[in-house]
Protein chains: 4
Amino acid sequence: MNTYGRGFRVTIFGASHGPGVGCVIDGCPANVLVGQERVQREVDRRKPSPGIGTPRAEEDLVQLQSGILEERTTGAPIQIFIQNKDRDSSKYLGFRSTPRPGHADYPALVKYGKGHDIRGGGQFSGRMTAPLAAAGAVAKALLEGEGIRIGAYARSIGTVEDAEERSLDDVLDKVYSRPTRAATDGLDRLMSEEILAARQEQDSVGGVVRCLADGLPVGLGEPFFDTLDGELAKFMFAIPAVKGVEFGSGFSAARARGSQNNDAYRFQDGKVVTLTNHAGGVLGGMSSGMPLDIKVAFKPTASIPREQRTVDLGTGKEAMIKIEGRHDPCIAPRAVVVVEAAAALVLADLMMRGGYIARQC
Amino acid sequence: MNTYGRGFRVTIFGASHGPGVGCVIDGCPANVLVGQERVQREVDRRKPSPGIGTPRAEEDLVQLQSGILEERTTGAPIQIFIQNKDRDSSKYLGFRSTPRPGHADYPALVKYGKGHDIRGGGQFSGRMTAPLAAAGAVAKALLEGEGIRIGAYARSIGTVEDAEERSLDDVLDKVYSRPTRAATDGLDRLMSEEILAARQEQDSVGGVVRCLADGLPVGLGEPFFDTLDGELAKFMFAIPAVKGVEFGSGFSAARARGSQNNDAYRFQDGKVVTLTNHAGGVLGGMSSGMPLDIKVAFKPTASIPREQRTVDLGTGKEAMIKIEGRHDPCIAPRAVVVVEAAAALVLADLMMRGGYIARQC
Amino acid sequence: MNTYGRGFRVTIFGASHGPGVGCVIDGCPANVLVGQERVQREVDRRKPSPGIGTPRAEEDLVQLQSGILEERTTGAPIQIFIQNKDRDSSKYLGFRSTPRPGHADYPALVKYGKGHDIRGGGQFSGRMTAPLAAAGAVAKALLEGEGIRIGAYARSIGTVEDAEERSLDDVLDKVYSRPTRAATDGLDRLMSEEILAARQEQDSVGGVVRCLADGLPVGLGEPFFDTLDGELAKFMFAIPAVKGVEFGSGFSAARARGSQNNDAYRFQDGKVVTLTNHAGGVLGGMSSGMPLDIKVAFKPTASIPREQRTVDLGTGKEAMIKIEGRHDPCIAPRAVVVVEAAAALVLADLMMRGGYIARQC
Amino acid sequence: MNTYGRGFRVTIFGASHGPGVGCVIDGCPANVLVGQERVQREVDRRKPSPGIGTPRAEEDLVQLQSGILEERTTGAPIQIFIQNKDRDSSKYLGFRSTPRPGHADYPALVKYGKGHDIRGGGQFSGRMTAPLAAAGAVAKALLEGEGIRIGAYARSIGTVEDAEERSLDDVLDKVYSRPTRAATDGLDRLMSEEILAARQEQDSVGGVVRCLADGLPVGLGEPFFDTLDGELAKFMFAIPAVKGVEFGSGFSAARARGSQNNDAYRFQDGKVVTLTNHAGGVLGGMSSGMPLDIKVAFKPTASIPREQRTVDLGTGKEAMIKIEGRHDPCIAPRAVVVVEAAAALVLADLMMRGGYIARQC
């Protein structure tokens with residue numbers, strides 16, 4: 001379903017080639033300061049970077065239609081609408097019978113039948129992440145009041161990997177000046193080249209987005225099932241093209257010994273901290289007080305210009321397909337702000353659910 | 001919170017050193033055939049293997065106290081209770097002031113204060129997975145009636161990796177005769193040695209469990225947020241010690257090109273299949289009809305006999321800790337049936353939610 | 001929170017004097033036939049009747065912005081927006097300090113503080129029922145495909161009561177030609193007079209709406225907690241001004257003997273029916289197969305032109321208030337279509353949740 | 001489904017003639033003082049009163065099996081189990097083919113088929129309210145810490161009505177010394193006679209329970225849908241035999257004028273109060289700060305010894321039924337503590353959801 005959250009909720013709607021996309025945010029306390037400009041900034045950070053992104057040029061002007069009055073939340077549900085303007089559906093109708101490899105087309109056609117709006121991928125389009133970025137702006141504004149900060153960056157694009165340990169201060173807000181959202185200019189150049197090489201070969205390439213957050217209260221999360229890591233993972237997998245999520249040492253922990261992987265405690269300025277953060281800030285499904293550290297793997301964009309093998313559901317015969325829509329050769333750079341939004345929405349929800357933030361004055 | 005699911009729900013309760021642990025399963029249709037023996041078998045598969053597991057010897061006798069009459073579900077909530085018998089809490093009370101590295105102790109003490117039952121890890125103990133295995137038995141019985149099969153195995157223990165492609169038929173039910181739940185006897189020997197080596201060095205080791213499932217209807221999952229992969233990931237992260245989850249090619253997809261990673265369609269016996277399964281059976285958050293393929297990374301057991309650095313919350317000073325309870329040097333083998341149960345519970349929930357299975361006759 | 005339902009969900013947003021009001025409907029299967037005209041008709045049935053309603057004249061033009069393509073649902077969330085055009089907020093700002101008796105003003109000001117949008121009652125306005133009527137149109141379209149029919153009428157206005165037993169066929173669609181939504185022209189005249197008398201005395205009057213539904217499958221409802229009657233009651237109490245809900249013989253059952261109140265079974269055309277319907281179609285929280293019979297009590301409109309006693313929250317002194325906005329002297333007639341929508345939304349949700357209707361093709 | 005609540009949750013399980021009944025309470029903060037004795041007292045208040053109740057004599061000994069350690073909640077889910085001891089299923093098996101009028105038998109048989117456990121009404125038995133009373137003890141203990149008090153009494157039994165205005169202080173804890181839970185000894189005599197007269201005529205009789213609560217924070221409730229009144233109503237309708245719920249003036253408000261029904265504000269000891277409480281403590285779905293005032297209508301017990309008309313589902317012919325189990329001729333007295341428990345569970349949930357009480361220390 002299209003709603004996430006219990007205490008702080010976001011519901012998204014729309015489709016890639018319909019009148020627009022949008023969201024309803026519910027449960028946000030009144031009196032949070034967030035206006036048009038703040039929301040617009042987050043949505044703009046999701047726009048394709050010149051050169052390495054899709055040529056589809058959406059203005060993405062956010063319209064706040066409910067729940068915000070004079071740049072302050074009222075306590076009523078917040079609705080944000082973004083019109084679709086640069087639609088070109090001419091290239092999509094064939095996909096009804098010949099599903100695109102790596103896309104949601106085939107299961108969606110089976111699930112929704114002829115009602116399914118396949119234009120631009122419909123409700124499965126990456127365009128659905130625009131309202132997520134907008135909702136993330138509201139969640140971030142709420143969390144800032146609690147001293148929680150969230151920042152993400154492109155940790156790898158294809159085979160170009162940024163193995164350096166980075167802190168939140170290294171990346172927060174800074175990466176948005178770089179087309180690939182890399183942590184340094186040097187990496188940005190290498191990653192851009194990786195993307196351009198893929199595009200030149202009529203291909204696409206994947207990447208890993210790393211997200212950090214600090215300021216979480218110790219104990220945040222609602223085990224056994226509604227854990228800090230589990231809720232974050234669930235939301236991350238909702239972002240189109242995500243295939244893996246790990247916290248801290250993640251899969252490499254599976255190869256390690258306990259004596260290496262355990263994070264020893266000590267006091268620092270009267271606060272309990274750990275010397276390492278292999279746990280990625282999560283113990284027993286709750287925040288340990290150390291920075292949250294998530295890695296999210298994005299597969300290469302499924303839509304590539306090369307000819308691919310598929311089937312024709314109408315004729316029952318095999319077929320070839322050449323995808324001619326406008327697509328990003330690598331989704332990871334645009335996904336950076338979306339991963340931040342996802343983290344913000346989950347944290348806001350857990351903060352509300354735990355009663356760390358009250359719904360009322 | 002301690003409930004998972006909307007259509008088919010499981011609620012767990014209990015604590016490691018309390019009177020017992022148990023679960024309530026709700027939403028299961030009436031007339032599913034499942035009795036004491038079936039539930040007991042799944043719970044027994046979670047028992048420590050001789051030689052490589054903990055010496056704590058729990059009988060784990062399941063008591064069906066509601067919802068099953070004459071080996072058939074009645075439509076009422078199903079309650080299963082498992083007494084704790086072999087409790088030894090003498091080693092735990094010190095952890096109130098000196099939290100064990102890598103454990104939930106510290107955030108739990110902050111969250112629940114002096115009320116927290118720290119004996120054996122309380123509600124954060126791996127013992128909470130016993131009722132999950134029991135609940136999994138009911139979910140599996142329901143799914144079998146729909147032609148869905150689920151099987152998991154130990155894909156790696158420490159640095160011993162089983163890189164072979166395995167099908168569900170290779171592993172289903174078969175791995176439970178091997179102590180490590182490996183796919184072959186040869187791997188079982190190597191993995192057992194890895195575990196024993198860790199134990200000998202007063203250490204522990206991690207591992208990866210791979211889970212396969214087939215027979216899912218195409219389109220299973222409730223995007224945008226309640227996706228097949230997201231729900232599975234959320235549940236997997238609730239299992240103690242899980243640090244990473246990936247589907248199909250997972251993190252390696254992030255390094256790949258689209259032309260390599262896309263799975264081409266073709267027809268096979270009139271059915272749409274893909275030549276490869278890099279997607280791991282999930283497209284757009286829905287089942288593609290290909291086998292589900294999940295990898296779950298377990299960190300090494302946090303409780304190790306070696307002395308470790310920690311803090312004393314009472315004195316505010318640094319301290320050393322030596323953990324003397326009874327623990328598994330590697331959790332992955334016992335987690336195999338728990339991962340299967342997790343998958344079964346998620347699939348049962350999505351099948352009910354989608355109306356693939358009706359609640360009533 | 002502003003979302004109702006688990007299987008078939010409606011989320012509402014907006015405020016009385018903001019840019020507009022609207023809803024998002026989620027979980028509706030694809031391929032349900034419902035277009036602009038159908039939705040508009042239901043919304044129009046909520047408009048004030050000439051003579052007995054408010055002078056606020058809203059065009060209430062519905063805009064379908066997501067989830068419906070060529071008069072057919074796509075399976076994506078459905079979004080419907082209704083602009084607010086005839087706003088006059090000049091009369092409301094004083095209510096910030098002097099809450100209107102019988103209104104949500106006082107608790108809302110305490111709950112949301114200075115962020116609360118008090119203009120027109122904000123998110124507590126009866127105007128929020130416009131998107132409910134719109135959502136009801138979609139739910140009705142879905143239910144019609146399952147043979148479920150829903151019809152309501154004004155059973156009493158003030159002291160004018162329609163004690164006659166009415167069947168669904170007597171009222172379905174027919175009452176909308178009468179200003180008060182009474183079941184006969186004679187009653188309509190009497191009820192209109194009751195309303196006009198109240199208006200003339202600068203006063204308001206209450207009423208009871210009765211809602212009938214048939215075609216429900218026997219067993220519909222999810223006891224113990226998510227019962228057919230409980231879910232309906234919960235939704236009805238969300239409608240502004242509702243103070244009581246009863247099923248079948250309701251409160252009069254409390255005065256009766258079991259031998260009078262029990263409904264004896266018999267066969268009719270091979271179907272199990274009851275001779276009477278004191279149960280109102282609900283037994284044990286489930287549909288009995290007999291027509292659903294709900295009575296919903298609406299209090300008199302709280303906003304009356306007469307001077308009333310209140311307090312001034314600013315000065316801490318008692319004060320007098322004269323309410324000058326535009327209001328209906330009786331809300332019951334306009335609530336008839338809203339009660340139908342509420343019933344339709346609950347039934348659609350329970351049908352989806354029980355798997356009576358599948359989410360997918 | 002068998003779970004109520006989001007922030008403070010109760011899940012019930014069991015059946016009338018199974019091994020026992022019980023509940024799991026989740027979301028309760030740690031460190032709430034509540035022990036065996038407190039829970040047992042509430043469960044005992046539900047026992048049949050000598051003379052006017054059923055002869056079924058259940059010991060109803062509560063077993064706390066999880067979540068409470070040394071009379072203090074641990075933060076883990078709380079499980080309470082109550083064995084069924086005095087079971088006599090011999091009278092029930094015939095009801096499989098001849099459903100009892102006024103009971104859940106018929107819809108349950110349709111919904112769950114031959115799996116349904118019809119003995120004693122199975123999961124639809126009034127016995128399911130025993131774990132509710134137990135759960136209510138925990139909720140009350142939590143709420144007391146917040147200054148919230150809840151008390152109910154029998155307002156009418158059959159035609160004997162207690163029309164007197166009663167305050168919470170008049171009834172709190174006091175009514176449990178009287179068999180009928182009436183507010184005075186005189187009424188208790190009259191009500192007892194009403195019940196005995198019904199029993200003598202092999203009949204049963206209904207009643208109304210009124211529940212009061214004070215100390216609620218102004219603004220409690222989560223409109224638009226999760227309102228204070230709507231949530232309470234939903235829970236009340238889950239209690240077997242409830243047919244109507246009203247707040248404050250309720251159905252009589254529908255006959256009133258606004259000038260009569262509005263509650264004028266004034267200051268009292270610096271607090272905003274109303275001169276009357278026709279609203280029953282609820283405005284716009286939120287607490288007004290005035291005492292909560294709910295009336296709950298119970299129908300006469302469906303099980304009566306008199307011969308009744310029914311159908312034989314096996315033969316397809318009409319049949320007569322004589323119910324020989326052990327039943328209460330009036331359920332209202334035993335329902336008083338259950339209505340209190342219901343109110344406590346709803347208020348605890350809304351207090352947690354709103355963040356009025358935090359989940360963690």
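The paragraphs below lead through a predicted model, from its confidence scores to the contacts between its chains and then to one helix.

The model is predicted, and its overall scores are ipTM 0.98 and pTM 0.98. For chain A the mean pLDDT is 95, and 100% of the residues of that chain reach 70 or more.

We can begin with chains A and B, where 88 residues of chain B are in contact with 88 residues of chain A. On the side of chain B that touches chain A, helix α6 of chain B, which spans residues 228-238, gives the most, with seven residues. Sorted by class, the residues on this side of chain B comprise 41 that are nonpolar, 30 that are polar and 17 that are charged.

A pairing of strands also links these two chains: strand β11 of chain A (residues 242-247) and strand β11 of chain B (residues 242-247) pair in the antiparallel sense, over three bridges. Within this pairing, E246(A) stands opposite G244(B), a residue of β11(B).

How are the two copies placed with respect to one another? In general, two copies of a chain are related by a rotation about an axis and a shift along it. Here a turn of 180°, with a shift of 0.0 Å along the axis, lays chain B on chain A with an RMSD of 0.0 Å. This is the relation of a two-fold axis, and the same surface serves both copies, since 100% of the contact residues of chain B recur in chain A.

Turning to chains C and D, we find 88 residues of chain D in contact with 88 residues of chain C. Helix α6 of chain D (residues 228-238) supplies the largest share of the side of chain D that touches chain C, namely seven residues. That side of chain D is made up of 41 nonpolar, 30 polar and 17 charged residues. Strand β11 of chain C (residues 242-247) runs antiparallel to strand β11 of chain D (residues 242-247), and three bridges join these strands; in β11(D), G244(D) is the bridge partner of E246(C).

Chain D also offers a helix to examine on its own terms. Helix α3 of chain D, formed by residues 129-144, has 16 residues and reaches 22 Å from its first C-alpha to its last, which is close to the 22 Å expected at 1.5 Å a residue. Is this helix covered or exposed along its length? α3(D) is mostly covered, with 15 of its 16 residues buried.

Definitions and conventions. Residues numbered from 1 in each chain as written. Chains lettered and ligands numbered in written order. Predicted model: local features only at pLDDT ≥ 70, side-chain atom pairs only at ≥ 80, totals over all residues. Helix = DSSP H or I, 4+ residues; strand = E, 2+ residues; numbered from the N terminus. Expected span 1.5 Å × (residues − 1). Buried ≥ 20, exposed ≤ 12 C-beta atoms within 10 Å, placed from the backbone. Contact = placed C-beta atoms within 7 Å. Nonpolar A, V, L, I, M, F, W, Y, C, P; charged D, E, K, R; others polar. Pairing = 2+ DSSP bridges. Least-squares fit on C-alpha atoms with pLDDT ≥ 70 in both. pLDDT = per-residue confidence, 0-100.
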